[in-house]
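Subject: Structure handover

Hello,

Here is the structure I promised you. Please open it alongside this email.

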Amino acid sequence: MATSVRAKRDDSPPPAAPPVSPGSRRRRSSRGGLRSTLHRWDIKATPYAFIAPFFLTFAAFGLFPLIYTGWLSLNRVELGGDPSWKGLENYTDLATSEFFWNALLNTFTIGVISTVPQLLMALGLAHLLNYKLRGRGFLRVAILAPYATSIAAATLVFAQLFNTDYGMINGLLGWVGIDPVDWETSKWPAQIAISVIVTWRWTGYNALIYLAAMQAVPQDLYEAASLDGASRLRQFISVTIPSIRPTILFTIIVSTIGATQLFGEPMLYGGSVGISGGSGNQFQTLSLLMYEKGWVTGALGQASAIAWVMLLLLLLIGGVQALVSRRDRTKPRGSTS
């Protein structure tokens, strides 16, 4: 009897669930929709939140000064005075200023005689360090030491070496029968001395960039060239240089930009007349002229115009790089023209 009662109880249907009101369903649906919306916004907005600090910093310390400098270049601005509108007059004054053209020419010549030897020596050093040499790790660190040296310290040391009266360079030239060279007041010797400082500081840095690119070149190319009887020099010319051509182009552009903005070396090398680029402006660069116009003569409008001319030059250099890179990408494989 008890068994039958228990069976009847087990066979009884489960109690019905309480009815769900329409309001409860809407609340659950709204909570689910809100959760889904927040999830989508989290996925979309989180990357922008992570990169927002960079853009805010760039807007405050990069974009705003750039726009404000452009506005100053269209005004007559003196230190402590109110700006007055001049339009493009500051730019037309630069076009007729012999100091501007002298500084532009000096920037170009110093850039050429410092960039070309620098990159050639960097290629040679990287090629040597790419082989298994004893103490290769130490040499890689050693060639980077000039880059880590302070600009002021390096320039002051080279200023003593190139001193006209008691410098070591003139002493060495005297041993071989060459008259002392005026490394300070003569145009070309002064520019060569400044270029030596720039070359000494940046050769090792570029050499390590080239070395990293060389180590990414497939070894199969060198093995194939070696089987064809190519010497190390021929492998360097026919395999290494074409393989690292984008890196070479990158270093040329970066070095040219650095030469356009050259400031510390010529200013410190000239000593008391360093801001004016020597007693006869023989090594005054665009950066030195901009500093002199802005903070010595107080013509901030003209200094801002020089800054924008430098920016346009850098944009031109960047445009040339983009054209050359596009030409390399679109050139047919195997073409040598």
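Below is what was found, from the whole chain down to single residues.

Please keep in mind that this is a predicted model.

**Overall**

The protein chain has 337 residues, and 31% of them are buried. It contains 15 helices and two strands. About 21300 Å² of the chain is exposed. Carbon and sulfur atoms supply 67% of that area. Take the contacts between residues at least 6 apart in sequence: 66% of these join residues at least 24 apart.

**The nonpolar patch**

Which residues form a nonpolar patch on the surface? They are Tyr-48, Phe-50, Ile-51, Phe-54, Phe-55, Phe-58, Leu-63, Leu-66 and Ile-67. Together they have about 980 Å² of accessible area. One of them, Leu-66, sits in helix 2, which covers residues 22-72. Leu-66 has a relative accessible area of 35%. The partly exposed class runs from 20% to 50%, so Leu-66 belongs there.

**Helix 4**

Helix 4 takes in residues 98-129, 32 residues in all. At 1.5 Å a residue, the helix should span 46 Å. Its end C-alpha atoms are 46 Å apart, so the model agrees with the expected span. Ser-97 caps the N-terminal end of this helix. There, a side-chain oxygen of Ser-97 lies 3.4 Å from the backbone nitrogen of Phe-99.

**Thr-240**

Thr-240 is part of helix 11, residues 232-243. Is Thr-240 buried or exposed? Its relative accessible area is 2%. Buried means under 20%, so Thr-240 is buried. Its side chain makes a polar contact with the side chain of Tyr-222, at 2.7 Å. Leaving aside residues up to four places away in sequence, Thr-240 touches Met-214, Tyr-222 and Gln-235. Tyr-222 therefore appears both as a polar partner and in the list of residues that Thr-240 touches, with the buried cut-off met at 2%.

**Asn-281**

Where is Asn-281 found? It is in the loop between helix 13 (264-270) and helix 14 (286-296). Its phi is positive, about 55°, although Asn-281 is not a glycine. Most residues other than glycine have a negative phi. Asn-281 has 16% relative accessibility. That is under the 20% cut-off, so this loop residue counts as buried.

Best wishes

How values were computed: Residues are numbered from 1 along each chain as its sequence is written. This is a predicted model: local features need pLDDT of at least 70, side-chain atom pairs count only at pLDDT 80 or more; totals for chains, interfaces and linings use all residues. Side-chain values use heavy atoms; hydrogens and water are left out. Patches are made of residues with over 30% relative accessible area and no salt bridge: like charges are joined within 9 Å, nonpolar side chains (Val, Leu, Ile, Met, Phe, Trp, Tyr) within 5 Å. Accessible areas come from the Shrake-Rupley method with a 1.4 Å probe; for residues, only the protein chains shown count as cover. A salt bridge is a side-chain nitrogen of Lys or Arg within 4 Å of a carboxyl oxygen of Asp or Glu. Helices (H or I, at least four residues) and strands (E, at least two) are DSSP runs, numbered from the N terminus. Buried means under 20% relative accessible area, exposed over 50%, partly exposed in between (1.4 Å probe, protein chains only). The expected span of a helix is 1.5 Å times one less than its number of residues. A polar contact is a pair of N or O atoms within 3.5 Å; within protein, one must be able to donate a hydrogen and the other to accept it, and residues adjacent in sequence count only if both atoms are side-chain atoms. Contact means heavy atoms within 4.5 Å.
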